[in-house]
Amino acid sequence: MSISHQASAVLSVEDLSVRYRLPRRSLFAAPEWFAAVTGATFSVGKGASLALVGESGSGKSSLAKAVMGLEPASAGAIRLFGQDLASLSANELRELRRRFQMVFQDPYSSLDPRHSIQRIVIEPLRDVARTEARERAAEVLSHVGLGVNDLGKYPHQFSGGQRQRIAIARALVTKPDLIVADEPVSALDVSVQAQVLNLMQDLQAQYGMAYLFISHDLAVVEYLCEDVVVLYRGRVVEIGKTREVMKDPAHPYTQELVNAMPRLGGGKRRPAAKQQVKAGSPDENANATGACPYMSRCPRAAEVCRVAPSLRALGNGRSVACHLS
Amino acid sequence: MIGAQTGRFAKIRYRLGASWLSLWLGGFITLCLFATAILSYFWTPHSVARMNMRARLQAPSLDHLLGTDHFGRDILSLLMIGSQSALKIGIVAVAIGLVLGVLLGLAATARGGWFEELAMRASDLLFAFPVVLLAIMLAATFGPGSVTSMIAIGVHNIPIFARLTRGGAKSILAREFVMASRVAGRSSSYIAALHVLPNVLNILVVQATISFAIAILADAALGYLGLGTQPPTPTWGRMLKDAQSFLSQSPYLAIFPGLAIAFTVLGLNLFGDALRDLLDPRSSQGR
């Protein structure tokens, strides 16, 4: 898969912006907006896996919600299987939903405690007869390593890892072409994380669906996804093959992320690790002043950074939004 | 051996737990209440319509198990007849509040925006309105009586249930399983009926039992003003009120209706608690 637009893309996001309305400061104040995502462009090919990485508040989850049609885009377009999400009617969207599903971050919150596992897993199957739905539920449960006996049980009878398997089974039951996974392992124990990631990898090999995988953990991304999109403050700062981005991060923020990864063998740290990261919060006014949003934290900040850089191609599917790299 | 035995016994008792005691005790008291009300339609120890001035304000005896009131009527018989109106008022007032309140609360949460704002401000307005004032208004229009008082108390219950439902629903709607349901292509009405309602049911059940008890007391208060159930129909509330004047001569007059109300409320609350636990799959093991 390449990042460029493809006719065969399962998901393509073009110049997408998502913003939230802030509470008014006073009754008569003009409404203010918080830009969660600004001008994001990327695409996911059939059977591919793309990771969105970034720190908390970088707009990863807002992007995922917009892709899932849970949050309206304020600008730009989301195309799923070639269809513009905004142009679909409520019924058409509901029909299309069986082709793209989601796995949530917290398996304790994403399963209704009052629903049996069967009811949870067959929830996306709307127009399927009960007996057939039950068979499908039993089938997907066996794929995620649970049994038919578990159909009648309730979420509280399962551990966190098992719950996330159930959530994956629910996403799998319609045999979708795309699964959006919003930090699916960050709420799990490290030992269980590997299990769930292996499972997701096996299922992809088996069903051939594409993943849009959201994470803040580069190690997890490196394991599962060939391509990566790095977000900072709602903007795409770097795109490329995961392996290359990890080996040689072009954007100073990506460098910071890569250096923050814990590694075995302290001696092998890269020289770049010694670069000082300025403590400081992201510049709240960056959007207003038009400066690079990373400027206030960037160790390499220079005069040119007063004008925000746009994404430019470095070749080989690699793009970066930085004047200096 | 003995250790294993007690261990197993303790485990069973732990599993069935206090909720089973509540279920049996609460269920038993509630059942008694209904049975008494039904029985009183056919039989009471004495007639409550006939006065007997020679036997007024008697202490409990074999003939009058709970004594007599200031007209010489048998207290036990009065309490039995009174259970009819207590049940009627409780059931109708709670039903009105529960059904309309839950619908309003769910609709407000589902629609959101100006509708939610309007519905909640309207229920605030209703809530700020004292039940007595509401009853006076209704009584002026429809005349005083038990129906007026049931409706007044029921209407007063609406904002309580509406607020409770909306509060619960808001917190449920923020959970990820609701988002998962929407991603699964389920409609708002499916989410309201199958995700939100079952998850707020426990607080509603508890509130319903409390409101039931309050409705009985509210009817008594309205009866005090001549707005509640009208004489000669005996109610526990009015018996309590009448007892006030004779408290020094015959304290039994106040004790027995008071006990009847207290036990009814206790029974219903225990039953509601147990019901809440039973409705929660987390507390019923091995299902």
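Author: Accessible areas here come from the Shrake-Rupley method with a 1.4 Å probe. In this predicted model, chain B exposes about 14,800 Å², and carbon and sulfur atoms supply 70% of that area.

Reader: Why is B:W43 called partly exposed?

Author: The relative accessible area of B:W43 is 47%. Buried means under 20% and exposed means over 50%, with partly exposed in between; B:W43 is therefore partly exposed. The residue B:W43 lies in the loop between α1 and α2 of chain B.

Reader: What makes B:W43 eligible for the nonpolar patch on the surface?

Author: Patch residues need over 30% relative accessible area, and B:W43 has 47%. Trp is also among the nonpolar side chains that the patch rule admits. The patch joins B:W43 with B:F34, B:I38, B:L39, B:Y41, B:F42, B:I91 and B:V92, and their accessible area together is about 840 Å². Two or more residues come from each of α1 (2-42) and α2 (75-111) of chain B; α1(B) gives the most, with 5 residues.

Reader: How do you know how much area is buried between chain A and chain B?

Author: Buried area is the accessible area that two parts lose on being put together, summed over both. For chain A and chain B this comes to about 2,500 Å², of which carbon and sulfur atoms give 53%. In contact across it are 29 residues of chain A and 24 residues of chain B.

Reader: What polar pairs and salt bridges does the interface of chain A and chain B hold?

Author: The count is 15 residue pairs in polar contact, both residues at pLDDT 80 or more. The rule finds 0 salt bridges across the interface.

Conventions
Residues numbered from 1 in each chain as written. Chains lettered and ligands numbered in written order. Heavy atoms only, no water. Patch = residues over 30% accessible without salt bridge, like charges linked within 9 Å, V, L, I, M, F, W, Y side chains within 5 Å. Salt bridge = Lys/Arg side-chain N within 4 Å of Asp/Glu carboxyl O. Helix = DSSP H or I, 4+ residues; strand = E, 2+ residues; numbered from the N terminus. Buried < 20%, exposed > 50% of the residue type's maximum accessible area, 1.4 Å probe, protein only. Contact = heavy atoms within 4.5 Å. Buried area = accessible area lost by both parts, 1.4 Å probe. Polar contact = N/O pair within 3.5 Å; in protein donor to acceptor, adjacent residues only side chain to side chain.
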